[in-house]
Amino acid sequence: MLITEFKLYENREDVTLTAYVLAEKGELRGQGLRPAVLICPGGGYFNCSDREAEPVALAFAAMGYHAFVLRYSTYMEGAEGFADLFSDLKVKEHLTHPAPVREIGMAMLLIRRHAKDWMVDMDRVAVCGFSAGAHNTSMYGVYWDKPLITDFLGVEKEAIRPAALVLGYTLSDYIFLRDFERNELDEAFFRNSVKVFTGEAQPSEEKLIEISPARLVSAQTPPTFLWATAADAMVPVQHSLRMAHALADHHVPFELHVFEEGDHGMSVATQASSVAKSQMNADAAKWVGLADVWLKKRFALDLPEKTAFEEASHPCL
């Protein structure tokens, strides 16, 4: 495997794309171009969680996909931890919407520039995200073909088309988020998350709709795989249900899995992504295999029925 990190901006260290490229030199090269998955970790737009980065990339690599981790613009600018949620956070304009979703487009173009060397099939690149990263991913799913991204990048929409979305415990509707009752700590978290993301302490109804992908789904939204847990107290499962409802309304192919147990931020839900046993759950961990089956409907490698050796050894079979 070839692991390489790229900066998306020359003068910034915080926004990066890490490539996990399957680089076999032998017979596996005969598989040809491979599909890929671009991963957006969560973190409430304060940071990008390491737990939802490399462990997820390695899981997709094990399925036979090239994997890429995008650390997009967040409030902590690459530093660990969170801001003081009970202080008056200063807005950093260069980090606010639409920077994060545009950076997915930038990452897609970077992958395209290296696609020949990396043997990436650019017609089969999925975008995967978790929590706020899933929100960013679903934002890309509804804006990838809009001037908000295409005009900014100066490209035709087909150059950055996502083939599919994979959304883990996504946040999809900021109107619903605003009206949902929470405890004091979660309220402080989301109040400040909205502020650092939008640049506004009290965004208007129009602004909240603008950043609510479940309200913006169209027939151009890519096929989508969603998973969440019913026990998630931070980002309620209704966000995934609302997104699924919108996809159904617009006849966009989708698959939804809701597991009964599991806290927010499960990632791959095994010890590979956990720092405590509470982040492990055997049922929730099944999403990886379910996503593999779902993606193969669109991303299966075009392989012959038999190897050349088998054909030569058994020409009549």
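Biologist: Which strands does helix H9 (residues 287-299) lie across?
Modeller: This is a predicted model, in which local features need pLDDT of at least 70 and side-chain atom pairs count only at pLDDT 80 or more, while totals for chains, interfaces and linings use all residues. Residues are numbered from 1 along each chain as its sequence is written, and side-chain values use heavy atoms, with hydrogens and water left out. Helices (H or I, at least four residues) and strands (E, at least two) are DSSP runs numbered from the N terminus, and contact means heavy atoms within 4.5 Å. Helix H9 lies across E3, E5, E6, strand E7 (224-229) and E8.

Biologist: At what angle does H9 run to E8?
Modeller: Axes are lines fitted to C-alpha atoms, for helices over the stretch in contact, and angles run from 0 to 180 degrees between N-to-C directions. On that scale, the angle of H9 to E8 is about 175°.

Biologist: In what order do the strands of the sheet come?
Modeller: Two strands pair if DSSP finds at least two bridges between them. The edge strands, each pairing on one side only, are strand E1 (2-7) and strand E8 (254-259), and the twist averages 15° from one strand to the next. The sheet is open, with eight strands and mixed pairing, in the order E1-E2-E4-E3-E5-E6-E7-E8.

Biologist: How many bridges join E5 to E6?
Modeller: On its E3 side, E5 (residues 120-130) pairs in the parallel sense with E3 (residues 34-40) over six bridges; Arg34 has Val120 as its bridge partner there, and Ala36 stands opposite Val125. With E6, one partnership is that of Val127 and Leu165. E5 and E6 run parallel, and the number of bridges joining them is five.

Biologist: How many of the eleven residues of E5 are buried?
Modeller: Buried means under 20% relative accessible area, exposed over 50%, and partly exposed in between (1.4 Å probe, protein chains only). E5 is mostly covered, and its number of buried residues is ten.

Biologist: Is Tyr140 buried or exposed?
Modeller: Tyr140 is found in helix H3 (residues 132-143), and H3 lies across E3, E5 and strand E6 (164-168). Leaving aside neighbours within four places in sequence, Tyr140 is in contact with Val101, Ile104, Gly105, Met108, Val127, Ile149, Ile160 and Pro162. Its relative accessible area is 0%, so Tyr140 is buried.

Biologist: How far apart in space are Tyr140 and Leu216, C-alpha to C-alpha?
Modeller: In sequence, Tyr140 and Leu216 are 76 residues apart. In space, the C-alpha to C-alpha distance is 11 Å.

Biologist: What do the buried residues of helix H1 (residues 54-62) pack against?
Modeller: Those buried residues are Pro55, Val56, Ala57, Ala59, Phe60 and Ala61. Just after H1, Gly64 takes a positive phi of about 100°. The buried residues of H1 pack against strand E2 (16-21), E3, strand E4 (66-71), E5 and H9.

Biologist: Which residues make the nonpolar surface patch of about 280 Å²?
Modeller: Patches are made of residues with over 30% relative accessible area and no salt bridge, where like charges are joined within 9 Å and nonpolar side chains (Val, Leu, Ile, Met, Phe, Trp, Tyr) within 5 Å. Accessible areas come from the Shrake-Rupley method with a 1.4 Å probe, and for residues only the protein chains shown count as cover. One member lies in strand E1, and this residue, Ile3, is partly exposed at 48%. The patch is made by Met1, Leu58 and Ile3.

Biologist: How many salt bridges does the count come to?
Modeller: Side chains of opposite charge can pair when their charged atoms come close. The rule asks for a side-chain nitrogen of Lys or Arg within 4 Å of a carboxyl oxygen of Asp or Glu. By this rule, the count of salt bridges is 17.

Biologist: What is the N to O distance between Glu77 and Lys92?
Modeller: Both residues sit in the loop between E4 and helix H2 (99-118), 15 residues apart. Glu77 is partly exposed at 34%, and Lys92 is partly exposed at 24%. Their side chains meet in a salt bridge with an N to O distance of 3.1 Å.

Biologist: Which residue does Glu210 meet in a salt bridge at 3.6 Å?
Modeller: An α-helix has 3.6 residues a turn, so residues three or four places apart point the same way. Glu210 and its partner both lie in helix H7 (residues 205-210), three residues apart, about one turn of the helix. Glu210 is partly exposed at 28%, whereas the partner counts as buried at 18%. The residue that Glu210 meets is Lys207.
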